[in-house]
Amino acid sequence: MKRLLTGLACLAVALFLAIALGEQPIPPRAVMAALLYPDEAPVQHVFIVHTLRLPRAVLAALVGAALGVAGTITQAVMRNPLAEPGLLGINGGAALAALAIMLWLPGTSATLVPAAALAGALAAATAIYALSWRGGIGPQRVILIGLGCGAFMGAGTSFLSAFGEVTAVQRAMLWLSGSFSGSGWRAVLGVALTLAPLLALAWIFARVLDLLAMDEAVARGLGLRVQAARAAMVAIGALLCGASVAAAGPVGFIGLMAPHLARRITGPTHAALIPAAALAGALLLLLADVAGQNVIAPNAIPAGIMAALMGAPFFAWLMWKGRHDG
Amino acid sequence: MSPPRLALWLAGLAAACLLLALWSLGVGSLSLSPARVWAALVAETPSREALVITTVRAPRVMAALAVGAALASAGAIMQRILRNPLAEPGLLGINAGAAFAMVLTAVLTGTAPRGTLIPAAMAGAAAASVLVWALGSAGRRGATPLRLVLAGVIVASFLVSLTQALLIFNLAALDGTRLWTAGSLAGIQPQELASVLPWIAAGLLAALAALPGLEIMGLEDDAARGLGIDPARWRLIAAAIVVLLTGGAVALAGPLAFLGLIVPHAIRLASGAGFRALLPLCALGGAALTLAADTLPRALAGTDIPVGITLALIGAPIFLWLARRQGVPG
């Protein structure tokens with residue numbers, strides 16, 4: 001309980017930072033005023049806080065939480081601590097579908113891109129699952145098939161970006177590197193409504209994840225229908241990840257980092273691990289977005305790239321430690 | 001593999017390269033049959049056709065052959081040394097390292113990446129291979145195939161997002177590099193080819209010279225030591241050869257994936273060759289495949305699709321088939 005409260009406090013501090021920092025910094029007192037008494041605060045502060053920064057920060061936290069949980073699920077199902085939800089082909093499929101829409105139907109992109117990304121993500125996840133099936137799916141085969149499908153879709157993506165109109169490609173690259181710029185309350189509401197039931201489901205099935213992370217024979221001995229459970233968990237993970245990609249573009253490394261951080265705090269039991277991973281993911285992606293907006297201001301680095309910049313050293317440390325054998 | 005059979009295979013693949021080259025030299029807005037190409041090449045009086053062939057088309061054909069030979073050989077060497085059927089420059093992040101170093105240099109200095117930035121390509125390839133090996137082999141069980149591939153994929157995805165970060169802020173560099181980052185041989189210049197070719201040739205010759213040692217490195221370390229081979233030293237030699245081959249190929253054609261993976265597997269399956277015969281066969285087979293993949297879209301549809309994309313569209317299904325077929329338990 002104490003740990004949960006500490007985590008929530010950290011998240012609150014990060015949210016506060018995200019609101020206060022930016023191209024036009026707002027002093028802490030003024031942030032509080034704009035948050036608590038919007039009617040009396042200066043109009044430009046209220047606009048910056050309520051219309052520009054708060055929805056963006058909330059969206060980053062939501063997407064981060066979803067990615068953290070998706071990563072936890074992926075690592076449990078694949079029984080591999082280095083597995084990442086991107087390996088399920090979700091990022092590749094979403095990127096391909098979204099890029100196609102952005103380049104071919106430039107006018108309608110704002111509304112269609114999230115839908116296309118979600119459809120692409122789910123199609124890719126389904127294809128990888130089907131291709132990995134040989135009387136059941138095995139973790140190692142899924143990883144390899146995911147890599148192959150990812151490369152295939154990557155070739156499609158580079159085909160589109162090599163022949164598209166160059167300014168449209170540049171805009172698409174911004175989306176492809178995972179960015180929260182220009183997100184408003186409508187996006188937040190849509191994402192929250194999609195993610196909430198999925199996060200709840202993941203938490204409800206925490207026991208199943210505990211069993212799946214064990215040796216297959218043990219799980220079966222304890223009465224788990226392993227293949228059905230794997231399929232259900234992969235579906236939840238794919239939906240979580242697909243919804244995040246639809247909201248913010250493909251963001252890597254959060255799904256790899258958050259579960260590890262959470263595991264250090266709560267241990268391997270998923271009932272505690274899933275909320276902790278959600279918190280850790282929210283915190284990480286929020287900090288990545290804040291850092292990206294402020295490191296080389298006025299230029300903004302997309303959150304996805306910042307997450308990769310933070311994630312790579314983390315990953316290096318993880319592999320060096322050598323405790324985790326793949 | 002018996003010597004006559006090996007000679008037959010080598011001759012067959014070399015002939016395939018030659019025929020493909022004659023065909024490819026005739027493909028383009030001035031369409032020529034292979035016989036006309038041959039006639040133009042051997043004619044004593046230089047014709048307009050001969051001029052087109054030697055100045056515009058020949059550099060591209062030679063680049064395709066060189067890049068294919070380099071990457072397929074690099075893949076064969078890596079699979080042997082790492083005792084890992086999935087090893088290849090693309091999956092293990094070496095391509096991405098070279099490409100990132102070149103894009104970085106191109107953005108900083110305002111030059112075009114292709115052909116001119118060989119030191120950057122070599123340095124990037126070397127740094128990425130050291131990093132992936134260090135990460136993949138740390139730990140109790142060492143560099144298991146899956147672990148190494150995961151390390152390669154994660155390093156590669158990190159480098160690719162860094163490359164993206166560089167290009168987002170620089171429209172001119174994006175326009176100048178996007179064809180090359182997809183892996184393309186279009187519009188290659190003779191001087192670009194000339195500046196890269198010596199490196200690839202050096203890598204190929206070194207690989208041939210090192211064949212006996214590389215073959216022994218396919219055994220367990222203890223067995224290799226018993227045969228008088230120092231594993232650490234030979235791993236370094238192999239890495240240097242792979243860096244020469246990969247860095248050169250990426251400098252010319254961009255990061256081509258899958259070539260190093262599928263060619264050795266296909267040749268091994270088809271011919272049953274052992275490693276010593278495999279390496280030269282792979283060089284010829286990779287050259288032929290790359291040339292075919294580069295020419296086919298232009299010949300069939302008249303559109304110039306980057307060869308990296310064609311190769312990935314061919315290679316990814318073969319990779320999937322390999323992973324399903326032999327593969328991996330569990």
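The exercises below concern a predicted model with two chains, A and B.

Residues are numbered from 1 along each chain as its sequence is written, and chains are lettered from A in the order in which they are written. In this predicted model local features need pLDDT of at least 70 and side-chain atom pairs count only at pLDDT 80 or more, while totals for chains, interfaces and linings use all residues.

**Exercise 1. Describe the fold of chain A and its overall dimensions.**

Solution. Step 1: take helices (H or I, at least four residues) and strands (E, at least two) as DSSP runs, numbered from the N terminus. Chain A then has 14 helices and zero strands. Step 2: the radius of gyration of chain A, taken over C-alpha atoms, is 20 Å. The globule rule (2.2 Å times the number of residues to the power 0.38) gives 20 Å for 326 residues, so chain A is as compact as a globular protein of that length. Step 3: along the principal axes, the C-alpha trace of chain A spans about 65 × 55 × 35 Å.

**Exercise 2. What share of chain A is buried, and which residues touch the most other members of its largest nonpolar core?**

Solution. Step 1: a residue is buried if 20 or more other C-beta atoms, placed from the backbone, lie within 10 Å of its own, exposed if 12 or fewer, and partly exposed in between. Buried residues are 56% of the 326 in chain A. Step 2: a nonpolar core is a set of buried Ala, Val, Leu, Ile, Met, Phe, Trp, Tyr and Cys residues joined through C-beta atoms within 7 Å. The largest one has 242 residues, and those touching the most other members are A:Val63, A:Ala66, A:Val69, A:Ala98, A:Ala121, A:Leu285 and A:Leu286. Helix 3 (residues 43-78) of chain A contributes the most to this core, 18 residues. Step 3: two residues are in contact if their C-beta atoms, placed from the backbone, lie within 7 Å. Beyond four places in sequence, the contacts of A:Ala121 include A:Ile90, A:Gly93, A:Ala238 and A:Val245.

**Exercise 3. Classify A:Val226 as buried, partly exposed or exposed, and place it in the chain.**

Solution. Step 1: A:Val226 lies in helix 11 (residues 226-248) of chain A. Step 2: A:Val226 has 16 C-beta neighbours inside 10 Å, and therefore counts as partly exposed. Step 3: setting aside neighbours within four places in sequence, A:Val226 is in contact with A:Glu216, A:Ala219 and A:Arg220. The C-alpha atom of A:Leu211, 15 residues away along the chain, is 8.7 Å from that of A:Val226.

**Exercise 4. Describe the packing of helix 1 against helix 3 in chain B.**

Solution. Step 1: chain B has 14 helices and zero strands. Step 2: helix 1 (residues 3-25) and helix 3 (residues 48-81) of chain B pack at about 140°, with axes 10 Å apart. Axes are lines fitted to C-alpha atoms, for helices over the stretch in contact, and angles run from 0 to 180 degrees between N-to-C directions. Step 3: B:Cys17, B:Ala21, B:Ser24 and B:Leu25 of helix 1 meet B:Ile53, B:Arg57, B:Ala58, B:Val61 and B:Leu65 of helix 3.

**Exercise 5. How many residues of each chain meet at the A–B interface, and which helix of chain A gives the largest share?**

Solution. Step 1: 39 residues of chain A are in contact with 40 residues of chain B. Step 2: helix 6 (139-163), helix 7 (166-176) and helix 14 (303-321) of chain A each give two or more residues to this side. Helix 6 of chain A supplies the largest share, 15 residues.
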